[in-house]
Amino acid sequence: MRRAFRWDVTSVPPLAVCAGVPHEAVPGPRFVAARARRGAEIAANAGHAVLDDVSRPFDSIRDYERLFPVLGAPTAIIQSHTRDDVFAWQRIAGTNPMMIRRVDGALPEDFPVTDAHLAAIAGTGATLSRAAAEHRLYLLDYEILDGIPHGAQRYLPAPYALFHLADTHTGHHALRPVAIQIERRAHPRENPIYTPGSAPADWAVAKLMVQVADMNVHEMALHLWGCHFAMEPFAVGRARTLAPEHPIGILLDNHFDALIANNDLGRRTLIAEGGPVDRYLGGALEGSLEILGRARATWTFSGASFPRELASRGVADPDTSIPNYPFRDDGLRVWSAIEAYVRGYVAVYYDGDANVVADPELAAFATEVAAEDGGRIAGLEVPRTREELVAMLATLVFVNGPLHNAINATQGDFMTFVPNMPAAVWRNPMPAPRGSGERDLLALLPGKDASLGQISTLSFLASKPLARLGYYRQPYRDPAAESVAARFRASLAAIDKQIDRANETRLLRYDDLTPRVIPNSIDM
Ligand SMILES: [Fe+2]
């Protein structure tokens, strides 16, 4: 298959992607039919929404609720999106749950939050230094957006947002926003700090700026780079270096299903000139690809290991960070099951570390995926022990299945109701935006065309998956491998029940890391 799968470094430079879609990577008719069906539903939705009120401009936030005549409206977020606790909740169980980090020392110098700002939320006497020492301060820092060129008529902020973790007897919605600054250079008049005590209309604008920033980072850094394009080189490398019957290749095939074809479609539509990224996101095509490039420059494969990613933000341990963090809590359950599964699978084929070292195809795979003239993946080493092989496989299975689902499926829940998470702000609100009510918010939000475009694009991306984690198109032919897979499915079923129970007491349900809805691969 070496000849059919070739590296292409010119389509989205400097990324290495697959040249075209080789015959072997073309998805089956079921995939094509399901996508066509979804596409038809979305086209019908857009058609009805336009026909219903073709000439009227939006004159209320509620008008955005009418853009779902065929598709179901995301009612949970429509009803709750203005609440501060739901704003905080989206940091730990939203569509971008990978931005929040623990503040361990001082806050950034250009975000001059004071003890008084904190005390207004956390109670008299609260200080930033004590709150940080008690692991109660959390920060969103959108530095990656600083200086990104904006699309025509659009504005893309690079804000800070500070959160405080309060004790509550139930503990499940204890994170609260304290302060937001829309841009990075502190200035009391032109770039003030907003708080929940600001005029309600001003606070609403400040939160909206965070939501816009969050969506742009989500799509370009976490979704397109961290899932789609960071994983594609592994699928290409698999075809080029591992024999079809190589056991590691057989396992990976299950988790790379449709990835190459899906990414190819994304390159030809999503990130094409005049495509949705260009038309709707804050940075248009040029700025958005720069966000992707910045994310890639600091991303490593070793750092993408789920526990390590959590640790890098200081949130891995519930005792020293956020006690209830659905993305982390559900994710770690699934991660453990995946780790046990690939460990069992590796043990079937490798008696000891020496067998791993003695596998030239495995070495060729990791070498080529990492190479400058190969997949250009940073932080990937040739596995020399069984545990290093387990670590590599666990990350690949986790990113292609659960992580992508947590990032992808949530787009429908949080991003299709445009006032919750617009892809761009459509007027430059700086300096010092002051809201005076709904009219000001409406002036910032995307209009009807851009909103329908956002809804149609994200509803398509968040289509229901066609497969289910651990349930493969074909059982393993090797009974030893199949019995490891059967144990994996049993452990996933137990996790389904644990998460169902956890959801009973959560602020909003968090379903996207429940194994029964997680697909095996990035098939959307
Ligand atoms: Fe996706």
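In these legends, Ala, Val, Leu, Ile, Met, Phe, Trp, Tyr, Cys and Pro count as nonpolar, Asp, Glu, Lys and Arg as charged, and the others, Gly among them, as polar. The model shown is predicted.

**Figure 1. The largest cavity is lined by 15 residues.** Sorted by type, the lining holds 11 nonpolar, 3 polar and 1 charged residues. Glu219, Val277, Leu281, Thr457 and Leu458 are the lining residues nearest the centre of this cavity. Its volume is about 150 Å³. Three helices, α6, α9 (276–280) and α18 (448–461), each supply at least two lining residues. Helix α6 gives the most, with 5 residues. Across the whole structure, 3 cavities of 30 Å³ or more are found.

**Figure 2. The largest pocket has 40 lining residues.** The volume of this pocket is about 1200 Å³. Asp253, Asn254, Asp257, Arg473 and Gln474 lie nearest its centre. The lining is made of 25 nonpolar, 5 polar and 10 charged residues. At least two lining residues come from each of α1 (29–52), α6 (200–241), α7 (247–255), α8 (259–268) and α12 (326–349). Which helix gives the most to this lining? The answer is α7, with 4 residues.

**Figure 3. Arg238 is a buried residue of the model.** This arginine is found in helix α6. Its relative accessible area is 3%, so Arg238 counts as buried. Look for two backbone oxygens beside its side chain. The backbone oxygen of Leu242 lies 2.9 Å from a polar atom of that side chain. The backbone oxygen of Gly249 is reached by the side chain of Arg238 at 3.4 Å. Beyond its neighbours within four places in sequence, Arg238 is in contact with Ala243, Pro244, Gly249, Ile250, Leu252, Asp253, Phe256 and Phe365. Now compare positions in sequence and in space. Arg238 and Glu286 are 48 residues apart along the chain, and their C-alpha atoms are separated by 31 Å.

**Figure 4. Arg343 is partly exposed.** This second arginine lies in helix α12. Its relative accessible area is 35%. Setting aside residues up to four places away in sequence, Arg343 touches Glu387 and Val390. The C-alpha atoms of Arg343 and Arg434 are 56 Å apart. Along the chain, 91 residues separate this pair.

**Figure 5. Helix α3 is largely enclosed by the rest of the structure.** Why is it described this way? The helix covers residues 84–93, and 9 of its 10 residues are buried, so the rest of the structure largely encloses it. The buried residues are Asp85, Val86, Phe87, Ala88, Trp89, Gln90, Arg91, Ile92 and Ala93. A general point about helices helps here. An α-helix has 3.6 residues a turn, so residues three or four places apart point the same way.

**Figure 6. Cys18 and Cys227 form no disulfide bond with each other.** How many disulfides does a search of the whole structure find? The count is 0. The closest cysteine sulfur to that of Cys18 is in Cys227, and the gap of 19 Å is too far for a bond. A disulfide needs two cysteine sulfur atoms within 2.5 Å. Seen from the other end, Cys227 is in no disulfide, and its nearest cysteine sulfur is that of Cys18. Are these cysteines buried or exposed? Cys18 is buried, at a relative accessible area of 1%. Cys227 is buried too, at 0%.

**Figure 7. Two cis peptide bonds are shown, Pro13 to Pro14 and Met430 to Pro431.** The bond from Pro13 to Pro14 has omega near 5°. Pro14 sits in the loop between β1 (7–8) and β2 (17–18). For the bond joining Met430 and Pro431, omega is about 0°. Pro431 belongs to the loop between α16 (410–414) and α17 (438–444).

**Figure 8. His135 and Gln153 each have a positive phi.** His135 is not a glycine, yet its phi is about 60°. It lies in the loop between α5 (128–133) and β4 (137–141). With 25% relative accessibility, His135 counts as partly exposed. Gln153, also not a glycine, has a phi of about 65°. Its place is the loop between β4 and β5 (160–165). At 63% relative accessibility, Gln153 counts as exposed.

Key: Residues are numbered from 1 along each chain as its sequence is written. This is a predicted model: local features need pLDDT of at least 70, side-chain atom pairs count only at pLDDT 80 or more; totals for chains, interfaces and linings use all residues. Side-chain values use heavy atoms; hydrogens and water are left out. On a 1 Å grid over the protein atoms alone, a cavity is a set of points where a 1.4 Å probe fits but cannot get out, and a pocket is an open set with protein on both sides within 12 Å along at least five of seven lines; lining residues have an atom within 4 Å of a point. Grid points are joined across faces, edges and corners, and a volume is the space filled by probe spheres set on the points. Buried means under 20% relative accessible area, exposed over 50%, partly exposed in between (1.4 Å probe, protein chains only). Contact means heavy atoms within 4.5 Å. A polar contact is a pair of N or O atoms within 3.5 Å; within protein, one must be able to donate a hydrogen and the other to accept it, and residues adjacent in sequence count only if both atoms are side-chain atoms.
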